[in-house]
Amino acid sequence: MTGLRQKGSPGYLFGIVLVAVIGGLLFGYDTAVISGADKGLQEFFKSAGDFTYTDAWHGFTTSSALIGCIIGAFLSGWLASALGRKKSLFVAGILFFLSALGSYCPEFLFFEHGVASKSLLVAFNLYRILGGIGVGLASALCPMYIAEVAPASKRGKLVSWNQFAIIFGQLVVYFVNFLIIRSHVNDPAVVEWTNSVGWRLMFVSECVPAGLFALLILLVPETPRYLALNGQDDKALTVLSNINGEPRAREILAEIKATAVEKTEKLFKYGFLVVFIGCMLSVFQQAIGINAVLYFAPRIFESMGVSNNMLFTVIMGVINITFTLVAVFTVEKLGRKPLLITGSLGMAVGALGVALSNVVTLPAIVPVISIMLYSACFMFSWGPICWVYISEIFPNTIRSQATAVAVAFQWIFNFIVSSTFVPMYNMSLGDMGDSFGHFFAYALYGVVCLIAAVFVWRLVPETKGKTLEEMTSLWKKRK
């Protein structure tokens with residue numbers, strides 16, 4: 001085979017990873033867009049004449065995308081094996097695009113525009129679930145794609161950029177929502193406009209990054225691991241040569257072929273432990289309670305007596321971005337395990353600090369700093385590193401299906417934590433009143449953080465610097 005690149009091109013690798021990372025940005029964008037549309041959407045459906053739009057209905061509507069996320073995560077393994085990583089990401093992009101259009105105009109074809117009804121609410125939620133399926137696919141496939149194209153020495157750093165893109169996508173949509181509202185801030189009828197038009201524009205704004213992602217993903221190659229597992233060795237070698245140079249590419253291809261006795265193997269081919277560890281990493285990422293903090297930050301700061309809670313929410317967002325970058329630039333130097341263990345312990349200190357503030361009189365700045373410590377420690381540890389582990393810990397021949405199961409567990413526990421936080425946070429007990437719920441919620445999360453640290457210390461292997469093919473021999477020894 002002639003014409004192969006003798007030296008790898010960093011620009012080529014950067015380009016294809018950048019496209020995959022847009023999938024992470026869409027992940028963050030789609031999950032956070034509801035925050036700005038929340039009130040306008042609620043008021044619109046409250047105007048329905050054929051049913052009463054209760055808080056329960058609104059709670060389901062704002063979280064219905066999570067149902068799609070669970071479905072998408074389960075489907076990701078089958079799609080990744082049947083269609084490949086690249087085509088499956090294209091499907092995710094199309095789902096994002098259709099969901100954005102449908103959420104913008106759920107009346108399309110079947111309903112009178114601007115007239116709220118129970119049937120229209122069902123249609124709207126179906127469009128949101130469709131977008132959730134895209135999120136579920138992207139959450140599993142983007143890290144998998146990056147891990148399968150990246151050299152072992154850069155894999156952790158490049159996969160960590162996906163987490164940065166998720167957080168960045170959330171900040172982008174906050175800014176877009178702000179601009180949409182600001183465009184009519186001087187309009188006396190701004191509230192009426194927001195309830196009828198503003199929330200629609202927030203959803204349709206996602207069409208821009210979704211359409212761009214769907215088009216750009218067509219320009220990137222399929223991953224060399226998938227190509228080699230499907231007998232397309234020449235194409236795999238070309239991609240590997242563009243990234244690593246021909247000499248190293250031939251070595252990597254040989255390693256891939258040596259571990260690819262079958263295209264796919266049964267999920268527990270390498271024992272129960274590898275699947276258990278992958279799933280528990282996902283469970284702990286959610287069970288430590290981070291989404292309760294991210295989703296309800298303004299409510300939490302308000303309960304602490306902070307007057308300008310939105311300002312502190314923005315400050316926490318900047319902190320989150322900053323500490324995600326800490327992981328990006330240290331994961332290959334320090335390793336995965338040290339970051340996870342350190343982050344878990346730091347989160348425990350932060351969570352227990354908030355809990356203590358609810359039973360002992362302390363200055364308001366103490367729980368504020370504690371909650372920011374908790375969030376910052378997550379951002380350099382469980383936020384990005386969990387995705388790194390899930391993308392690289394499984395052997396090649398079970399990666400797609402094992403990743404699907406692990407990511408599905410993540411979305412299930414995301415839903416559990418998100419739906420239980422407010423009732424738990426508002427629990428009352430005797431003389432403590434609501435303070436008991438505030439104490440209990442954060443004390444529970446703090447204890448889970450400590451358990452997570454022990455779990456990582458005792459069971460999770462360090463994968464820094466190991467090739468994906470070395471995962472096969474590692475788990476065969478531990479089987």
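## Surface patch

Helix α3, which spans residues 65-82, contributes four residues to a nonpolar patch, the most of any element. The model described here is a predicted one. The patch lies on the surface and is formed by Phe60, Ile67, Ile71, Leu75 and Trp78. Together these residues have about 460 Å² of accessible area.

Trp78 is located in helix α3. Its relative accessibility is 59%, and a residue is called exposed when this value is over 50%, so Trp78 counts as exposed.

## Nonpolar core

The largest nonpolar core of the model contains 143 residues. Within this core, the residues with the most contacts are Phe45, Leu281, Trp382, Trp411 and Tyr442. Helix α1, residues 10-46, supplies the largest share of the core, with 18 residues.

Trp382 can be looked at in more detail. Leaving aside residues up to four places away in sequence, Trp382 touches Leu281, Phe284, Gln285, Ile288 and Leu340. Trp382 also touches Ser344, Met347, Ala452 and Val456. One of these partners, Leu281, is also listed among the core residues with the most contacts.

## Cysteines

The whole structure was searched for disulfides, and zero were found. Cys449 is in no disulfide, and the nearest cysteine sulfur belongs to Cys377, 9.1 Å away. A disulfide requires two cysteine sulfur atoms within 2.5 Å, so this pair does not qualify.

Is Cys449 buried or exposed? Cys449 has a relative accessible area of 0%, and buried means under 20%, so Cys449 is buried.

Definitions and conventions. Residues are numbered from 1 along each chain as its sequence is written. This is a predicted model: local features need pLDDT of at least 70, side-chain atom pairs count only at pLDDT 80 or more; totals for chains, interfaces and linings use all residues. Side-chain values use heavy atoms; hydrogens and water are left out. A nonpolar core is a set of buried Ala, Val, Leu, Ile, Met, Phe, Trp, Tyr and Cys residues joined through side-chain atoms within 4.5 Å. Buried means under 20% relative accessible area, exposed over 50%, partly exposed in between (1.4 Å probe, protein chains only). Helices (H or I, at least four residues) and strands (E, at least two) are DSSP runs, numbered from the N terminus. Contact means heavy atoms within 4.5 Å. Patches are made of residues with over 30% relative accessible area and no salt bridge: like charges are joined within 9 Å, nonpolar side chains (Val, Leu, Ile, Met, Phe, Trp, Tyr) within 5 Å. Accessible areas come from the Shrake-Rupley method with a 1.4 Å probe; for residues, only the protein chains shown count as cover. A salt bridge is a side-chain nitrogen of Lys or Arg within 4 Å of a carboxyl oxygen of Asp or Glu.
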